[in-house]
Amino acid sequence: MDPLRLLSRSTRLRDGRQHAQYTTPSSGARVQAAQLTPVGAAVKTSKKRKRGESIPTPSDDQPRGLDFFDTAAKSNTRPAVQLKQEAVQDGENDGSEQPGDKAPLSASVMPTMSDDEARAALKQHKLKVTLLNPTSSQAKQRRIGKKSGSGSEKSEKPALYPHPLVSFRDLRTRFGISSRLAGNLDEQGYIVPTEVQMGALPILLDAPDQYLGHSDLLSADRVSVRTPNLLTVAPTGSGKTLAFMIPLLHRVQSRRHQDRVPIKAVSAIILAPTKELVGQITNEGRKLAQGTGINVTQLRKGMRLSPTQPSKSEAKDPVQHNVMAGEPTVVKADVLVSTPGRLQGILSDERNSSQDMLSSVQEFVLDEADVLLDPLFREQTLGVWQKLTNLRLSVSLWSATMGSNIEELARRTIKNWQEQVGARNAEFVQEAPFIRLVVGLKDSAVPNVEHKLIYAATEQGKLMGLRQLLHPASTPQSAAAPLLPPFLIFTQTIERAVALHSELLYDIPAEAGGIGRIAVLHADLTDTARDSVMTRFRQGEIWVLITTDLLSRGVDFRGINAVVNYDIPNSSAAYVHRIGRTGRAGRAGGVAVTLYSKEDIPYLKHVANVVAMAQKQEGSSSKEASVQPWLLDALPKLSKEKKQTLKKRGIESRTTRGKANGPNAVRSTRISSKAGFVKQAQNNRKGAILGSQRRAQAEALGDAGDDSEFAGFD
Ligand SMILES: Nc1ncnc2c1ncn2[C@@H]1O[C@H](COP(=O)(O)OP(=O)(O)OP(=O)(O)O)[C@@H](O)[C@H]1O
């Protein structure tokens, strides 16, 4: 098997080989993912199930690794979800029916689940659903229901129990998604929903009274036609993209059919923090939307939303604009995917006309929402949000980590938005439910990754440690046992990524592909160069990719075997996301190595805490654990201010500002394996050459007289 083929996101899951790779996090398989021998037959066969054969429950049918917590495997019991109905036959359809039409009952029988079973299923899969904006009467009812003394803010937020989705086939029967959309899902090889999909899809697709199900929550003011706003926190690689993409496409398609006129305006917007992630989401959307007529577009440089008015810069200098950039492309998109900066830039440029273009937007998705609402992107994200004026707008926020401050900011923004839009419109704007879905343990690392913290003492030691990881000659028993490519290496800054790249450039022997196997990706590269590196990495040409936090979020390379933190991440959330590039979709065998030097020790605790938590979740014995309790106790606790500075700037001595503070910092943070005296000799030689060039130049100009100004030593 060529493990590198798995890198391609477009690799189909259908042939079952990927499914065979999903092993349980609790299986204890501590081999590199690429070493796993695929076992078992394809999960999906083209054979139709016979009438009378029972529909498989998630535990029968589900590739094990998709259960990120795998409680079923641990307890060896059948899950509580027992579907009561008979087989659901594939509703073969010519695509003539409309989205929203349920599949005919003769062809498929809707599986049902009692409320108790739904609760048990949610519990089993560690899905916690909470209503974040209960009406005052609901909150009061909850308080009365609680014992006195427990009436804290938290307990006022009622838990909800939507009926989870146990098979993608139910999407047709239960929610009436179009046969084309269902067919595309099937074509991609998606059969069993992951936990986040199980929980989020019913919330976003069901009628609100279904998930606000129990009577104490169903009051007249809550029964709303509006889709809820949803905040989802689910592990990295757990399939959040599909969880927001399916309902989004379904609703866009339904609206198109209902209106019976082709909508030329944008219908939904997805924001993500990096160009790479935007490209990936667009790609996923397009694959799912194939044949539905829905246009999913990535917003690029030189595009504009409105066809009429010229932008400010064009109006100023139309001739130059046309010569330099040609006519800007007018976006014809139903679903627009963009970074907040790019969209906000266009919106402020086309101030008047863009307003109309966005008036039909009813879905606003923030992927990696905690970053999008972080000060770095906040202004741009909120700027876009404020431009959306459709009364039926529903917002969904997704990430593997979500601070309580971000949740609060989202809650306030939604409330303010509703008030503002309500004030502008004579029509009554009904407050939509704001629901939080948490999958598993909030803000924790995926449990199926092996974590290693390796002490390397100095910068030189780190480089040596990394070389040990690169070269198969090192002893497999050591902590720094070699890693199987492909893998990612994260550094704190672009400068350090570039330096590390040039240091390692010749480390891969020519017979193995040489310098072409190692590459660097950062924000200072051109868009074309970034695209090219991404493609080559996905195709398996590049084995080792050195990068900054640019790639730490959302990007899905399917076969990554390891992640190396050459520099310690700035926060525990950054650690969770970086190492989440491996162990995706429940894949076992991923390794996360963090190299730390003396300088990193004061900042290690946040990483050690996440690792300790992941190990606890996974149930490692203290002998196996890479973070021992004594280490946790010994590491210094970071003050709040230091935490904030670290989050903002990273370790100061590695930044340009830190280096300006003194030559010592420069020396101790330089990424180079050359000895000091070699570097000095090289510098002297460089200086001498430069000096002689200058002298020669001055002589040639004939102005090398004694009265020339002193220009300092070379
Ligand atoms: N139901 C499913 N069955 C099998 N594979 C799935 C399923 N859903 C998603 N995947 C696969 O899981 C991988 C991770 O999905 P995705 O990128 O959506 O994760 P994510 O939760 O957004 O991760 P991150 O938090 O890192 O952004 C993808 O390769 C995707 O194809």
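Start with the whole protein in cartoon view: the secondary structure comes to 28 helices and 17 strands. What you have open is a predicted model, with an ipTM of 0.99 and a pTM of 0.78. While everything is still on screen, note that 44% of the 714 residues count as buried. Of the contacts between residues at least 6 apart in sequence, 82% join residues at least 24 apart.

**Colour by confidence**

Next, colour the protein by pLDDT. The average is 76, and 66% of the residues score at least 70. Now select residues 319-325, where the pLDDT is below 50 and the model has 4 contacts beyond near neighbours in sequence. Then move to residues 103-110: pLDDT stays under 50 there too, and this stretch has 17 contacts beyond four places in sequence. Keep both selections saved if you like to grey out such regions.

**Go to the ligand**

Centre the view on the ligand and show the residues around it. You should find 22 of them, and the closest are G239, K240, T241, G554 and A585. Try colouring this shell by residue class: 9 are nonpolar, 9 are polar and 4 are charged.

Which helix gives the most to the shell around the ligand? Select residues 240-259 to see the answer: this is helix α10, which contributes 3 residues.

Now give each domain its own colour, taking domain 1 as 115-439 and domain 2 as 449-668. The ligand shell draws at least three residues from each of these two domains.

**Step over to strand β9**

For the last stop, select residues 363-367, which form strand β9. Is this strand mostly covered or mostly open? It is mostly covered, with 5 of its 5 residues buried. Turn on the side chains and look at how they alternate: E363, V365 and D367 point one way, while F364 and L366 point the other way. Both sets are buried, so the acidic-looking labels E363 and D367 belong to buried positions as well, given that a residue counts as buried with 20 or more other C-beta atoms within 10 Å of its own.

Add the neighbours of β9 to the view. Strand β4 (residues 268-271) runs parallel to β9 and is joined to it by 4 bridges. Strand β10 (residues 394-399) is also parallel to β9, with 5 bridges between them.

To finish, label F364 and follow the pairing through it. In β4, I269 has F364 as its bridge partner, and in β10, F364 stands opposite V395.

How values were computed:
Residues are numbered from 1 along each chain as its sequence is written. This is a predicted model: local features need pLDDT of at least 70, side-chain atom pairs count only at pLDDT 80 or more; totals for chains, interfaces and linings use all residues. A residue is near a molecule or strand if its C-beta atom, placed from the backbone, lies within 6 Å of it. Helices (H or I, at least four residues) and strands (E, at least two) are DSSP runs, numbered from the N terminus. Ala, Val, Leu, Ile, Met, Phe, Trp, Tyr, Cys and Pro count as nonpolar, Asp, Glu, Lys and Arg as charged, and the others, Gly among them, as polar. Domain bounds come from an automatic or database domain assignment. pLDDT is the predictor's confidence in each residue, from 0 to 100. Two residues are in contact if their C-beta atoms, placed from the backbone, lie within 7 Å. A residue is buried if 20 or more other C-beta atoms lie within 10 Å of its own, exposed if 12 or fewer, and partly exposed in between; C-beta atoms are placed from the backbone. Two strands pair if DSSP finds at least two bridges between them.
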